[in-house]
Amino acid sequence: MNLAKRVKTLSPSSTLAITAKAKELKQQGHDVIGLGAGEPDFNTPQYILDAATEAMNEGKTKYTPSGGVPELKKAIAKKFAEDNQLHYTADQIVVTTGAKHALYTLFQVLLDEGEEVIVPTPYWVSYPEQVKLAGGTPIFVTAREENQFKLTPQELEAAITKKTKAVVINSPSNPTGMMYSKEELQALGEVCLKHDVLIVSDEIYEKLIYTGDEHVSIAQLSNALYQQTVIINGVSKSHAMTGWRIGYAAGPKEIIKAMTNLASHSTSNPTSVAQYAALAAYEQGGELSEMKKVFAERLELLYDLLLDIPGVTCIKPKGAFYLFPNVKEAATKCGFSSVDDFVAALLEEEKVAVVPGSGFGSNDNIRLSYATSTEALQEAAKRIKDFVIKHQ
Ligand code: PLP
(Lines give C-alpha, C1' and ligand atoms only; values in the text may rest on other atoms or scores of the structure.)
Protein backbone atom coordinates (compact mmCIF):
# COMPACT_ATOMS: atom_id res chain seq x y z
CA MET A 1 0.00 0.00 0.00
CA ASN A 2 1.31 3.43 -0.91
CA LEU A 3 0.72 5.48 2.22
CA ALA A 4 0.15 9.21 2.30
CA LYS A 5 3.21 11.48 2.11
CA ARG A 6 2.32 13.07 5.41
CA VAL A 7 2.87 9.85 7.37
CA LYS A 8 5.97 8.83 5.45
CA THR A 9 7.92 11.67 7.02
CA LEU A 10 6.53 11.07 10.50
CA SER A 11 9.28 10.24 12.99
CA PRO A 12 8.47 7.52 15.49
CA SER A 13 8.56 8.66 19.11
CA SER A 14 12.02 8.14 20.63
CA THR A 15 10.42 7.91 24.07
CA LEU A 16 8.24 5.02 22.97
CA ALA A 17 11.10 3.28 21.14
CA ILE A 18 13.26 3.10 24.27
CA THR A 19 10.28 2.00 26.36
CA ALA A 20 9.58 -0.83 23.90
CA LYS A 21 13.21 -1.99 23.99
CA ALA A 22 13.22 -1.89 27.81
CA LYS A 23 10.01 -3.92 27.87
CA GLU A 24 11.51 -6.51 25.55
CA LEU A 25 14.56 -6.92 27.81
CA LYS A 26 12.30 -7.19 30.86
CA GLN A 27 10.30 -9.94 29.16
CA GLN A 28 13.54 -11.82 28.58
CA GLY A 29 14.00 -11.80 32.35
CA HIS A 30 16.44 -8.88 32.69
CA ASP A 31 16.30 -6.54 35.65
CA VAL A 32 15.63 -3.35 33.70
CA ILE A 33 15.19 0.08 35.27
CA GLY A 34 13.11 2.37 33.09
CA LEU A 35 13.61 6.12 33.41
CA GLY A 36 11.68 6.91 30.27
CA ALA A 37 8.24 7.43 31.80
CA GLY A 38 6.33 10.54 30.85
CA GLU A 39 3.63 10.07 33.43
CA PRO A 40 3.28 10.21 37.23
CA ASP A 41 3.74 6.84 38.94
CA PHE A 42 0.81 7.74 41.22
CA ASN A 43 -2.76 6.52 40.90
CA THR A 44 -5.61 8.84 40.08
CA PRO A 45 -7.05 9.94 43.47
CA GLN A 46 -10.02 7.99 44.80
CA TYR A 47 -12.42 10.96 44.79
CA ILE A 48 -11.89 11.28 41.05
CA LEU A 49 -12.52 7.57 40.50
CA ASP A 50 -15.69 7.86 42.58
CA ALA A 51 -16.92 10.78 40.50
CA ALA A 52 -16.37 8.78 37.33
CA THR A 53 -18.28 5.80 38.75
CA GLU A 54 -21.12 8.07 39.76
CA ALA A 55 -21.21 9.63 36.30
CA MET A 56 -21.44 6.18 34.73
CA ASN A 57 -24.20 5.11 37.09
CA GLU A 58 -26.12 8.28 36.33
CA GLY A 59 -26.01 7.45 32.62
CA LYS A 60 -23.57 10.18 31.65
CA THR A 61 -22.26 7.85 29.01
CA LYS A 62 -23.60 9.50 25.87
CA TYR A 63 -22.18 11.94 23.33
CA THR A 64 -21.47 15.33 24.83
CA PRO A 65 -21.07 18.71 23.11
CA SER A 66 -17.90 18.53 20.95
CA GLY A 67 -16.08 21.19 22.94
CA GLY A 68 -16.87 19.61 26.31
CA VAL A 69 -19.73 19.62 28.85
CA PRO A 70 -20.69 23.10 30.12
CA GLU A 71 -19.97 22.17 33.77
CA LEU A 72 -16.39 21.25 32.96
CA LYS A 73 -15.82 24.37 30.86
CA LYS A 74 -17.11 26.42 33.77
CA ALA A 75 -14.74 24.67 36.18
CA ILE A 76 -11.83 25.28 33.79
CA ALA A 77 -12.76 28.96 33.53
CA LYS A 78 -12.80 29.11 37.35
CA LYS A 79 -9.38 27.47 37.49
CA PHE A 80 -7.99 30.08 35.06
CA ALA A 81 -9.51 32.92 37.07
CA GLU A 82 -8.18 31.64 40.41
CA ASP A 83 -4.78 30.33 39.39
CA ASN A 84 -3.84 32.65 36.55
CA GLN A 85 -6.10 35.70 36.93
CA LEU A 86 -7.29 35.04 33.40
CA HIS A 87 -10.91 35.37 32.36
CA TYR A 88 -12.30 33.17 29.65
CA THR A 89 -15.91 32.66 28.59
CA ALA A 90 -17.21 29.20 27.62
CA ASP A 91 -16.75 29.96 23.92
CA GLN A 92 -13.05 30.61 24.55
CA ILE A 93 -12.44 27.10 25.92
CA VAL A 94 -12.41 23.74 24.14
CA VAL A 95 -12.03 20.48 26.06
CA THR A 96 -10.01 17.91 24.12
CA THR A 97 -8.83 14.31 24.19
CA GLY A 98 -5.71 15.16 26.20
CA ALA A 99 -3.49 18.22 25.84
CA LYS A 100 -1.76 16.45 22.96
CA HIS A 101 -4.93 16.55 20.89
CA ALA A 102 -5.52 20.18 21.81
CA LEU A 103 -2.14 20.96 20.24
CA TYR A 104 -2.82 18.73 17.25
CA THR A 105 -6.17 20.39 16.58
CA LEU A 106 -4.72 23.86 17.10
CA PHE A 107 -2.02 23.34 14.46
CA GLN A 108 -4.63 21.89 12.10
CA VAL A 109 -6.80 24.99 12.29
CA LEU A 110 -3.88 27.46 12.23
CA LEU A 111 -1.55 26.34 9.51
CA ASP A 112 -1.64 26.43 5.76
CA GLU A 113 0.94 24.62 3.67
CA GLY A 114 4.46 25.94 4.32
CA GLU A 115 3.59 28.23 7.20
CA GLU A 116 6.12 28.19 9.98
CA VAL A 117 5.98 27.47 13.69
CA ILE A 118 9.01 28.30 15.81
CA VAL A 119 9.88 25.38 18.05
CA PRO A 120 12.60 26.08 20.61
CA THR A 121 15.06 23.19 21.01
CA PRO A 122 15.05 21.06 23.18
CA TYR A 123 11.38 20.46 22.47
CA TRP A 124 8.70 17.99 23.45
CA VAL A 125 8.75 15.29 20.76
CA SER A 126 5.27 15.85 19.38
CA TYR A 127 5.45 19.57 18.48
CA PRO A 128 7.42 19.21 15.23
CA GLU A 129 5.50 16.17 14.07
CA GLN A 130 2.16 17.82 14.73
CA VAL A 131 3.22 20.95 12.86
CA LYS A 132 4.30 18.79 9.90
CA LEU A 133 1.04 16.82 9.97
CA ALA A 134 -0.80 20.13 9.60
CA GLY A 135 1.29 20.98 6.52
CA GLY A 136 3.41 23.48 8.42
CA THR A 137 7.16 23.72 8.82
CA PRO A 138 8.76 23.55 12.26
CA ILE A 139 11.58 26.05 12.60
CA PHE A 140 14.01 24.90 15.25
CA VAL A 141 15.79 27.51 17.28
CA THR A 142 18.35 26.32 19.80
CA ALA A 143 17.67 27.46 23.31
CA ARG A 144 21.23 27.26 24.59
CA GLU A 145 22.17 25.23 27.64
CA GLU A 146 24.26 28.24 28.85
CA ASN A 147 20.98 30.14 28.96
CA GLN A 148 19.24 27.35 30.87
CA PHE A 149 17.67 26.09 27.65
CA LYS A 150 15.62 29.25 27.37
CA LEU A 151 15.07 31.23 24.20
CA THR A 152 16.12 34.88 24.24
CA PRO A 153 14.01 37.57 22.54
CA GLN A 154 16.88 38.16 20.07
CA GLU A 155 16.99 34.48 19.12
CA LEU A 156 13.24 34.44 18.68
CA GLU A 157 13.19 37.58 16.55
CA ALA A 158 16.01 36.32 14.32
CA ALA A 159 13.95 33.23 13.47
CA ILE A 160 10.79 35.10 12.47
CA THR A 161 10.01 35.32 8.75
CA LYS A 162 6.96 36.39 6.74
CA LYS A 163 5.72 32.81 7.01
CA THR A 164 5.88 32.61 10.81
CA LYS A 165 2.48 31.88 12.28
CA ALA A 166 3.23 30.83 15.83
CA VAL A 167 5.83 30.02 18.46
CA VAL A 168 5.60 27.29 21.09
CA ILE A 169 6.47 28.18 24.67
CA ASN A 170 6.53 25.30 27.16
CA SER A 171 7.13 26.35 30.75
CA PRO A 172 7.89 24.37 32.87
CA SER A 173 9.48 22.42 30.06
CA ASN A 174 9.59 18.82 29.02
CA PRO A 175 12.41 17.71 28.72
CA THR A 176 14.48 20.34 30.60
CA GLY A 177 12.28 21.27 33.58
CA MET A 178 13.21 24.94 33.03
CA MET A 179 10.84 27.83 33.58
CA TYR A 180 10.68 31.29 32.07
CA SER A 181 10.45 34.22 34.48
CA LYS A 182 7.79 36.88 34.13
CA GLU A 183 10.35 39.31 32.68
CA GLU A 184 11.59 36.76 30.15
CA LEU A 185 8.04 36.02 29.04
CA GLN A 186 7.30 39.72 28.77
CA ALA A 187 10.30 40.21 26.47
CA LEU A 188 9.37 37.22 24.28
CA GLY A 189 5.78 38.42 24.22
CA GLU A 190 6.80 41.84 22.93
CA VAL A 191 8.58 40.24 19.98
CA CYS A 192 5.48 38.17 19.21
CA LEU A 193 3.22 41.21 19.35
CA LYS A 194 5.59 43.23 17.15
CA HIS A 195 5.53 40.55 14.43
CA ASP A 196 1.97 39.31 15.03
CA VAL A 197 3.08 35.79 15.94
CA LEU A 198 0.58 33.66 17.87
CA ILE A 199 1.88 32.23 21.14
CA VAL A 200 1.10 28.59 21.86
CA SER A 201 1.69 28.35 25.60
CA ASP A 202 1.88 24.74 26.77
CA GLU A 203 1.36 24.90 30.54
CA ILE A 204 0.74 21.21 31.22
CA TYR A 205 3.39 21.13 33.99
CA GLU A 206 2.06 24.25 35.72
CA LYS A 207 1.29 22.38 38.94
CA LEU A 208 4.62 20.58 39.17
CA ILE A 209 7.06 23.26 40.33
CA TYR A 210 9.44 22.50 43.20
CA THR A 211 11.13 25.80 43.81
CA GLY A 212 9.58 28.94 45.23
CA ASP A 213 9.00 30.13 41.65
CA GLU A 214 5.48 30.95 40.72
CA HIS A 215 4.04 29.79 37.44
CA VAL A 216 3.30 32.73 35.17
CA SER A 217 1.27 32.42 32.02
CA ILE A 218 2.38 34.73 29.22
CA ALA A 219 -1.32 35.50 28.63
CA GLN A 220 -1.45 37.14 32.07
CA LEU A 221 1.04 39.85 31.22
CA SER A 222 -1.13 42.23 29.20
CA ASN A 223 -4.43 42.37 27.40
CA ALA A 224 -2.57 42.30 24.08
CA LEU A 225 -0.75 39.10 25.09
CA TYR A 226 -4.00 37.58 26.32
CA GLN A 227 -5.42 38.06 22.83
CA GLN A 228 -2.25 36.76 21.18
CA THR A 229 -2.06 33.49 23.15
CA VAL A 230 -3.65 30.06 23.14
CA ILE A 231 -3.03 28.24 26.42
CA ILE A 232 -2.81 24.46 26.44
CA ASN A 233 -3.29 22.62 29.70
CA GLY A 234 -4.97 19.51 31.15
CA VAL A 235 -5.30 17.16 34.08
CA SER A 236 -2.90 14.42 32.92
CA LYS A 237 0.12 15.52 34.92
CA SER A 238 -1.50 17.66 37.63
CA HIS A 239 -3.92 14.97 38.81
CA ALA A 240 -2.18 11.75 37.69
CA MET A 241 -4.81 11.27 34.99
CA THR A 242 -2.77 10.48 31.88
CA GLY A 243 -5.02 7.65 30.72
CA TRP A 244 -8.25 9.61 31.01
CA ARG A 245 -7.26 11.86 28.11
CA ILE A 246 -8.65 15.22 29.16
CA GLY A 247 -6.90 18.41 28.12
CA TYR A 248 -8.05 21.80 26.91
CA ALA A 249 -7.18 24.95 25.04
CA ALA A 250 -8.20 28.51 25.88
CA GLY A 251 -7.81 31.54 23.66
CA PRO A 252 -9.40 33.74 21.01
CA LYS A 253 -13.00 32.75 20.15
CA GLU A 254 -12.34 32.38 16.44
CA ILE A 255 -9.59 29.81 17.02
CA ILE A 256 -11.52 27.91 19.67
CA LYS A 257 -14.59 27.76 17.44
CA ALA A 258 -12.54 26.30 14.58
CA MET A 259 -10.97 23.75 16.95
CA THR A 260 -14.41 22.75 18.22
CA ASN A 261 -15.69 22.31 14.66
CA LEU A 262 -12.70 20.16 13.79
CA ALA A 263 -13.23 18.05 16.93
CA SER A 264 -16.86 17.52 15.92
CA HIS A 265 -15.58 15.70 12.81
CA SER A 266 -12.69 13.85 14.42
CA THR A 267 -13.24 12.87 18.05
CA SER A 268 -16.91 14.00 18.35
CA ASN A 269 -16.15 14.72 22.00
CA PRO A 270 -13.69 13.78 24.74
CA THR A 271 -14.91 10.68 26.64
CA SER A 272 -17.99 11.68 28.63
CA VAL A 273 -17.06 9.88 31.86
CA ALA A 274 -13.52 11.23 31.78
CA GLN A 275 -14.92 14.76 31.53
CA TYR A 276 -16.86 14.23 34.77
CA ALA A 277 -13.72 12.81 36.38
CA ALA A 278 -11.83 15.96 35.35
CA LEU A 279 -14.70 18.06 36.69
CA ALA A 280 -14.27 16.41 40.09
CA ALA A 281 -10.50 16.98 39.91
CA TYR A 282 -11.09 20.71 39.59
CA GLU A 283 -14.16 21.05 41.79
CA GLN A 284 -13.33 18.80 44.70
CA GLY A 285 -9.63 18.97 45.23
CA GLY A 286 -6.50 20.86 44.43
CA GLU A 287 -3.40 19.42 42.90
CA LEU A 288 -1.81 16.33 44.40
CA SER A 289 0.34 17.82 47.12
CA GLU A 290 1.70 14.45 48.27
CA MET A 291 2.80 13.57 44.74
CA LYS A 292 4.47 16.96 44.38
CA LYS A 293 6.32 16.53 47.66
CA VAL A 294 7.63 13.13 46.61
CA PHE A 295 8.71 14.46 43.20
CA ALA A 296 10.57 17.32 44.90
CA GLU A 297 12.50 14.85 47.08
CA ARG A 298 13.34 12.63 44.16
CA LEU A 299 14.57 15.58 42.13
CA GLU A 300 17.04 16.50 44.87
CA LEU A 301 18.18 12.90 45.19
CA LEU A 302 18.70 12.17 41.51
CA TYR A 303 20.24 15.57 40.82
CA ASP A 304 22.93 15.01 43.47
CA LEU A 305 23.59 11.46 42.32
CA LEU A 306 24.01 12.59 38.70
CA LEU A 307 26.52 15.29 39.57
CA ASP A 308 28.63 12.58 41.15
CA ILE A 309 29.12 10.84 37.79
CA PRO A 310 32.34 11.81 35.96
CA GLY A 311 31.74 13.83 32.78
CA VAL A 312 28.09 14.58 33.59
CA THR A 313 26.77 18.10 34.13
CA CYS A 314 23.21 19.10 34.77
CA ILE A 315 21.23 22.29 35.07
CA LYS A 316 18.88 21.97 38.00
CA PRO A 317 15.28 21.86 36.83
CA LYS A 318 12.54 23.83 38.56
CA GLY A 319 9.54 21.79 37.45
CA ALA A 320 8.01 18.85 35.52
CA PHE A 321 9.55 15.45 36.42
CA TYR A 322 12.62 15.18 34.25
CA LEU A 323 16.33 15.86 34.44
CA PHE A 324 18.19 16.65 31.23
CA PRO A 325 21.88 16.14 31.99
CA ASN A 326 24.63 16.80 29.46
CA VAL A 327 26.56 13.54 29.06
CA LYS A 328 28.62 14.46 26.00
CA GLU A 329 31.91 14.44 27.89
CA ALA A 330 31.13 11.16 29.64
CA ALA A 331 30.10 9.55 26.33
CA THR A 332 33.23 10.78 24.54
CA LYS A 333 35.55 9.66 27.34
CA CYS A 334 33.88 6.26 27.27
CA GLY A 335 34.72 6.01 23.57
CA PHE A 336 31.21 6.43 22.15
CA SER A 337 30.90 8.57 19.05
CA SER A 338 27.43 9.75 20.01
CA VAL A 339 25.15 10.03 23.01
CA ASP A 340 22.72 7.74 21.17
CA ASP A 341 25.38 4.99 21.21
CA PHE A 342 26.07 5.70 24.90
CA VAL A 343 22.34 5.28 25.65
CA ALA A 344 22.09 2.04 23.66
CA ALA A 345 25.12 0.54 25.46
CA LEU A 346 23.81 1.65 28.83
CA LEU A 347 20.61 -0.26 28.20
CA GLU A 348 22.38 -3.29 26.80
CA GLU A 349 25.05 -3.56 29.51
CA GLU A 350 23.53 -2.05 32.65
CA LYS A 351 19.84 -2.41 31.81
CA VAL A 352 19.04 1.24 32.46
CA ALA A 353 16.64 2.82 29.97
CA VAL A 354 16.95 6.57 29.45
CA VAL A 355 15.81 8.65 26.48
CA PRO A 356 18.51 10.07 24.19
CA GLY A 357 18.38 13.84 23.86
CA SER A 358 18.40 13.53 20.07
CA GLY A 359 14.67 12.83 20.22
CA PHE A 360 14.21 16.29 21.73
CA GLY A 361 16.64 17.94 19.31
CA SER A 362 19.61 17.97 21.74
CA ASN A 363 22.38 15.58 20.85
CA ASP A 364 24.48 16.06 23.99
CA ASN A 365 21.86 15.26 26.60
CA ILE A 366 19.75 12.45 27.95
CA ARG A 367 16.34 12.67 29.60
CA LEU A 368 15.74 10.89 32.89
CA SER A 369 12.27 10.77 34.39
CA TYR A 370 11.99 10.63 38.16
CA ALA A 371 8.40 9.47 38.03
CA THR A 372 9.59 6.17 39.48
CA SER A 373 10.52 4.86 42.93
CA THR A 374 13.38 6.26 45.01
CA GLU A 375 15.01 2.82 45.12
CA ALA A 376 14.92 2.55 41.34
CA LEU A 377 16.47 6.01 41.01
CA GLN A 378 19.28 5.15 43.41
CA GLU A 379 20.02 1.89 41.66
CA ALA A 380 19.85 3.52 38.21
CA ALA A 381 22.30 6.27 39.21
CA LYS A 382 24.67 3.67 40.62
CA ARG A 383 24.54 1.64 37.42
CA ILE A 384 25.13 4.72 35.24
CA LYS A 385 28.13 5.69 37.37
CA ASP A 386 29.56 2.16 37.25
CA PHE A 387 29.05 2.10 33.49
CA VAL A 388 30.88 5.39 32.96
CA ILE A 389 33.77 4.42 35.23
CA LYS A 390 34.07 0.99 33.63
CA HIS A 391 34.36 2.46 30.11
CA GLN A 392 36.65 5.39 30.83
N1 PLP B 1 2.77 18.83 26.45
C2 PLP B 1 3.87 18.34 27.04
C3 PLP B 1 5.05 19.23 27.18
C4 PLP B 1 3.91 17.02 27.51
O5 PLP B 1 5.01 16.55 28.08
C6 PLP B 1 2.76 16.21 27.33
C7 PLP B 1 2.78 14.79 27.75
O8 PLP B 1 3.78 14.14 27.85
C9 PLP B 1 1.64 16.76 26.72
C10 PLP B 1 1.67 18.07 26.29
C11 PLP B 1 0.39 15.95 26.48
O12 PLP B 1 -0.37 15.71 27.61
P13 PLP B 1 -1.68 14.84 27.55
O14 PLP B 1 -1.38 13.55 28.22
O15 PLP B 1 -2.73 15.63 28.28
O16 PLP B 1 -2.06 14.65 26.11
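The following exchange goes through the ligand shell, one loop residue and the main nonpolar core of a predicted model.

Colleague: Which helix gives the most to the shell around the ligand?
Modeller: The ligand is surrounded by 13 residues, and G98, A99, K100, N174 and S236 are the closest. By class, the shell holds three nonpolar, eight polar and two charged residues. The helix that gives the most, with three residues spanning part of 98-110, is α5.

Colleague: Is E145 buried, partly exposed or exposed?
Modeller: E145 sits in the loop between β4 (137-142) and α7 (153-159). Burial takes 20 or more C-beta neighbours within 10 Å, and 12 or fewer would make a residue exposed. E145 has 19 inside 10 Å, so it counts as partly exposed.

Colleague: Which residues does E145 touch, not counting those up to four places away in sequence?
Modeller: T176 is 31 residues from E145 along the chain, and their C-alpha atoms are 9.6 Å apart. Contact is judged on C-beta atoms instead, with a limit of 7 Å. The residues that E145 touches are I315 and N326.

Colleague: Where does the largest nonpolar core lie with respect to domain 1 and domain 2?
Modeller: This core has 122 residues, of which V167, A249, A277 and A278 touch the most other members. Helix α11 (272-284) gives the most to the core, with eight residues. Residues come from both domain 1 (5-43 + 288-391) and domain 2 (62-284), so the core lies between them.

Colleague: Which residues is A278 in contact with, leaving aside neighbours within four places in sequence?
Modeller: A278 is one of the core residues that touch the most other members. With those sequence neighbours left aside, its contacts are L72, V235, W244 and I246.

Methods: Residues numbered from 1 in each chain as written. Predicted model: local features only at pLDDT ≥ 70, side-chain atom pairs only at ≥ 80, totals over all residues. Near = placed C-beta within 6 Å. Helix = DSSP H or I, 4+ residues; strand = E, 2+ residues; numbered from the N terminus. Nonpolar A, V, L, I, M, F, W, Y, C, P; charged D, E, K, R; others polar. Contact = placed C-beta atoms within 7 Å. Core = buried A, V, L, I, M, F, W, Y, C linked by C-beta atoms within 7 Å. Domains from an automatic or database assignment.
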